[in-house]
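Please look through the structure below with some patience, turning it as you read, and keep asking how far each part of it can be trusted.

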Amino acid sequence: MRGSGNASRSALKILLRSFPTGFRSEFGDEMLEVLIRDLDSARTRGPGQVAWFWVRTTWNTVVHGCLERLPRWRPGRAMPTTEIGREFRFAVRRLTRRPVFAATAIVTLALGIGATTALFSVVNGVLLRPLPYADAERLVFVGHQSTSDLLGMPSGGFLHYSEQSRTLDQLALYIETSAPVAGVDRPLELGTIMASPTLLSTLGVTPSMGRGFAPEDHEPGANPVALVTHRYWTTHLGADPAAVGRPVTPGSNQMVIGVLPAGFSFERPEPLVIFGNRFDVPDVFVPLTVPNAANSRFGNFMYQSLGRLAPGATAEDAERELAELMVQAAEVYPGGLTAAALRESDFRPVVMPVEDYLVREVSSVLWILLGAVFLVLAIAVANVTNLFLVRADARQSELAVRRALGASRGSVTWAFLSESVVVSLLGGALGVVLAAVATRVLLSTAPSSIPHLDGVGVNATVLVFAMGLAGVSAVGAGLAPLFQHRQRSVRTALGDEGRGGTATRQRHHGRRTLLVGQVALAAMLLIGSTLLVRTFQNLKSVDPGFDAAETATMRLSLSRSILTAAGRTEAAADMARSRFMLDVVNQLEQVPGVEIASFSADLPLDGDVWHDHVATGENVPTRIEDAPRAARVFIGPDYFAAIGARVVEGRELARSDFAEQPRALLVNQTFAERHWPGQSAVGRRVAQYGPSTDMTGDVWYTVIGVVEDIREASLMEPAEPTIYLPTVFLPAGNFTMWISNMVAVARVRDDAVAMLPRLREAVQQYRPDVPVNRETTLAHLVSDSFREVRFATSLITIAAVVALMLGAIGIYGAVSYVVGQRTREFGVRMALGATAAEVRRLVLRQGGMVGAAGAILGVVATLFAGRILESMLFGVDSVEPSLYLGVAVGVMAVVLLSALIPAHRAGRIDPLQALRAE
Amino acid sequence: MTSNASDPAAGRPEVHLPLKPVVFHILLALAEGALHGYGVIQAVRDHSEGRIHLETGPFYRHLKRLLEDELVQDSDARPADDDPRRGRYYALTPLGRRVLAAEQSRLARLLALSRELMVGMGGG
């Protein structure tokens with residue numbers, strides 16, 4: 001009559017094992033019968049019902065079986081709540097009676113939680129913050145990559161991709177530029193985006209006031225119009241509802257046609273430097289005229305491009321598709337790079353989620369730092385857990401008595417948890433306070449290359465994170481003793497008491513494992529910090545190729561009126577800029593204290609370096625892809641004297657060279673040695689490849705001098721072959737739209753920082769309408785160039801020191817405790833003739849074993865994990881043996897030192913007293 | 001957790017209120033007389049017209065609590081047609097009856113109050 005087979009019965013029995021033993025012995029058989037009757041009735045209703053029976057029974061039995069294993073806790077009922085409340089009151093009372101234990105645990109946790117929360121708030125604000133765009137996850141940066149340079153988008157590529165791509169719904173072009181604005185007290189620069197018709201729809205934004213761009217706004221010769229951000233509308237236009245239809249700035253012929261909604265801002269990575277122009281957050285959008293098909297090539301990468309992925313398409317899909325389209329584009333729009341050239345030079349499209357693109361420079365640094373502070377937190381939690389383990393030993397007899405008197409497992413659990421919950425909550429709260437302070441400090445020292453730091457702060461997400469950490473540490477520290485406690489019978493616990501025997505091997509084992517882990521983590525952090533400190537020292541001792549001391553610099557925005565002063569041709573504008581800068585240099589040299597002044601388009605270590613394909617008189621490849629590449633820098637006369645670089649052969653550009661366009665250039669030593677090894681470079685000829693590769697026309701320059709290598713791009717990398725061209729050849733671009741920035745450089749007798757206001761004043765007196773910004777010194781630029789390393793170094797070093805301190809405290813505490821426990825044993829040993837030195841050695845050996853195991857584990861772990869630091873290292877091998885050995889020895893020394901005091905105490909035990917005390 | 005017997009509050013029905021709907025149904029089922037586990041489950045399913053589908057695992061957890069709280073006890077009463085597979089029989093304790101009555105009157109007061117308010121608000 002019983003329909004269910006033995007298989008079902010066994011399966012149900014297995015499921016019922018989810019319930020605790022006591023529960024099963026009481027109800028197990030009954031439950032099995034009920035389930036089988038249920039199953040039988042399901043069988044009468046068809047196989048679907050049987051399947052449903054198994055699904056719900058499995059789920060219900062397992063879930064409720066596990067729930068039944070938890071201590072019974074009925075919120076809302078008077079009796080248990082008061083019991084839990086009572087347990088917490090007891091916990092607070094017990095903790096106040098042990099202020100040292102409580103304070104140590106709380107402060108340790110607060111340090112760990114505070115550090116982790118502070119860094120998490122930075123990561124949360126910078127890396128995890130949603131972008132202010134609709135469907136931001138579908139927005140992608142679209143560009144190209146050749147070797148390591150991330151390039152923009154040629155108009156030919158844009159037209160072809162827009163037309164052909166199926167993975168991209170929309171594609172937009174833009175150029176980021178800047179325009180001087182007449183500010184309240186001094187002229188300012190204004191970040192401006194020249195936007196193709198599709199940019200705003202790609203970003204998914206429409207104006208909240210006025211209208212967006214119409215197609216005719218993008219026609220050449222259209223009335224100049226502009227959209228402004230809500231921020232600009234409030235700060236510069238007085239939040240005037242009638243601002244639409246008025247000029248962007250007083251006197252401008254650019255009319256505001258609309259205001260973008262509040263909360264929208266155009267995000268981009270820092271720092272962005274194009275042709276020496278460094279931009280503020282863009283607040284103004286103007287129409288960009290995209291070249292038509294006849295005027296488009298696949299060759300000029302001056303445009304930036306954003307796209308919106310089609311639904312279901314990924315960035316990888318788009319990258320694959322564009323790789324095919326790119327070769328077609330080069331054929332459809334000839335005159336630029338050829339399809340063959342693209343294939344041979346490993347040229348490829350890049351499609352990157354905008355979120356990744358924005359933080360690509362800083363994300364690895366931040367994640368590494370967050371990892372480092374997590375290690376500190378782990379050490380802190382381990383320390384607190386250890387404290388609780390020791391504390392649990394002291395409470396063994398209390399808890400044994402409780403259990404003997406009939407306390408349930410749940411109430412014993414709460415007896416343990418209540419203390420750790422109180423400690424963790426207090427530690428968490430203190431940690432949040434520490435984090436709020438630390439975040440402020442972090443922000444003030446953080447490198448400016450980290451984007452949108454303004455969004456960083458202790459907010460709800462961060463609070464939840466901190467409380468989560470506190471919760472995890474509460475459970476971890478509170479339950480660890482429970483696992484030990486569970487395994488001991490009442491009799492052992494009570495029996496131990498009063499005899500002062502050594503604690504069981506097992507309890508020692510748990511604590512020792514924690515200590516080894518702590519030492520290992522501290523060793524890892526120390527190795528990381530030592531690697532970075534070495535890197536930092538190496539960077540500081542690098543010779544950048546110039547003398548950074550006492551050189552003041554500032555950036556000038558040259559407006560259209562200056563560029564067009566000499567006439568409305570591009571060549572005239574190129575000359576006008578240099579002439580203007582020569583006048584500025586003359587003004588600067590009038591300032592007392594200035595030794596020599598010059599100018600350039602870029603400064604070393606200040607943003608991206610541009611490259612050209614070049615030919616020399618001896619080597620003129622017919623195909624551009626065969627031509628060697630060189631970094632290209634535009635400079636003024638006496639530039640090397642002003643920045644303190646050494647011209648080793650020939651001469652540098654003189655002011656007389658700038659009277660007209662001299663076809664002269666300088667090269668660096670690396671360039672000279674690569675192209676004319678062992679020979680003189682002066683008098684040789686060098687050409688830049690332009691859009692056409694036939695090398696006709698004015699492309700040749702004569703080398704007039706060789707300058708010692710200057711690290712233009714990064715202190716970390718040796719100088720590339722570099723050519724230094726007179727600024728008169730720096731293209732002004734389409735000068736009706738482009739605004740040009742130039743850098744003035746002044747070598748002063750002493751204290752360049754103090755000279756900055758006087759230098760600015762000199763420029764402003766000469767031309768009040770020229771915005772001056774980014775006044776700084778070369779020394780500052782140098783130190784700023786390794787700001788990320790410095791930031792990471794200081795943070796990891798602090799983390800390592802805290803970790804080592806916590807580790808030492810942990811070992812000191814643990815060894816002291818063991819010595820206290822073994823007082824009687826040591827007394828017996830000494831009574832039997834052991835010397836104090838022997839007892840000391842015994843204790844030290846224990847500490848030493850933990851230290852050695854931890855150091856070895858830490859070293860091995862770092863051998864694997866250390867590689868993630870590699871990208872930040874300079875001049876030091878991430879697996880350098882001497883360094884690892886040094887740290888291991890150092891960690892051992894600290895461990896032995898912290899065991900020394902308790903060891904010394906053990907050696908002074910008076911055998912008589914120790915034995916009598918029992 | 002100490003047992004309820006030692007708690008002076010345990011004898012008062014109010015501390016057990018309000019009851020979960022399922023628990024209310026279990027007590028209702030037992031109010032008719034002693035029942036075995038499967039019978040209670042069936043009764044709850046029938047009484048609630050299938051709205052409460054009491055699963056075996058949760059039921060026995062509730063039952064354990066009710067036994068611990070002394071609202072329910074083992075019963076010696078066995079019907080003549082008893083099948084030994086049915087296992088133990090359960091019945092309400094006097095406290096269980098008082099708790100059930102207290103919950104009933106609490107719900108009745110609640111219902112009366114809500115009717116009164118709905119009338120006052122012009123609803124209905």
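Helix H13 of chain A is the element that gives the most to a nonpolar patch on the surface of this predicted model, contributing five residues. The patch as a whole covers about 550 Å² and is made by A:Val107, A:Leu111, A:Leu430, A:Val433, A:Leu434, A:Val437 and A:Val441. Two elements of chain A give two or more residues to it, namely helix H5, which spans residues 99-126, and helix H13, which spans residues 409-445. If you would like a place to start on the first of these helices, find A:Val107, which lies in H5 of chain A.

How confident is the predictor in the chain that carries this patch? The mean pLDDT of chain A is 81, and 86% of its residues reach 70 or more, but the elements of the chain range from strand S8 (residues 273-274), which has the lowest mean pLDDT at 37, to helix H20 (residues 669-675), which has the highest at 95. There are also stretches of chain A in which the pLDDT stays under 50, among them residues 74-79, for which the model has 13 contacts beyond four places in sequence, and residues 496-503, for which the model has 14 such contacts. Where pLDDT is low, the predicted coordinates should not be read in detail.

Turning now to chain B, you will find three strands that form an open, antiparallel sheet in the order S1-S3-S2. The edge strands of this sheet are S1 (35-36) and S2 (72-75) of chain B, each of which pairs on one side only. Strands of a sheet pair through backbone hydrogen bonds, either parallel or antiparallel. Between S2 and S3 of chain B the antiparallel pairing runs over four bridges, and one pair of bridge partners to look for is B:Ser75 with B:Tyr89, the latter being in S3 of chain B. Helix H1 of chain B, residues 21-31, packs on the sheet and touches S1, S2 and S3 of chain B, while its direction makes about 100° with that of S3.

Chain B averages a pLDDT of 79, with 80% of the residues scoring at least 70. Among its elements, helix H4 (residues 94-120) of chain B has the lowest mean pLDDT, 85, whereas strand S3 (residues 89-92) of chain B has the highest, 90. Over residues 1-9 of chain B, however, the pLDDT is below 50, although this stretch has 13 contacts in the model beyond near neighbours in sequence. For the complex, the predictor gives an ipTM of 0.79 and a pTM of 0.62.

Conventions: Residues numbered from 1 in each chain as written. Chains lettered and ligands numbered in written order. Predicted model: local features only at pLDDT ≥ 70, side-chain atom pairs only at ≥ 80, totals over all residues. Heavy atoms only, no water. pLDDT = per-residue confidence, 0-100. Contact = heavy atoms within 4.5 Å. Pairing = 2+ DSSP bridges. Axes fitted to C-alpha atoms, helices over the stretch in contact; angles between N-to-C directions. Patch = residues over 30% accessible without salt bridge, like charges linked within 9 Å, V, L, I, M, F, W, Y side chains within 5 Å. Areas by Shrake-Rupley, 256 points an atom, 1.4 Å probe, with all protein chains shown as cover. Salt bridge = Lys/Arg side-chain N within 4 Å of Asp/Glu carboxyl O.
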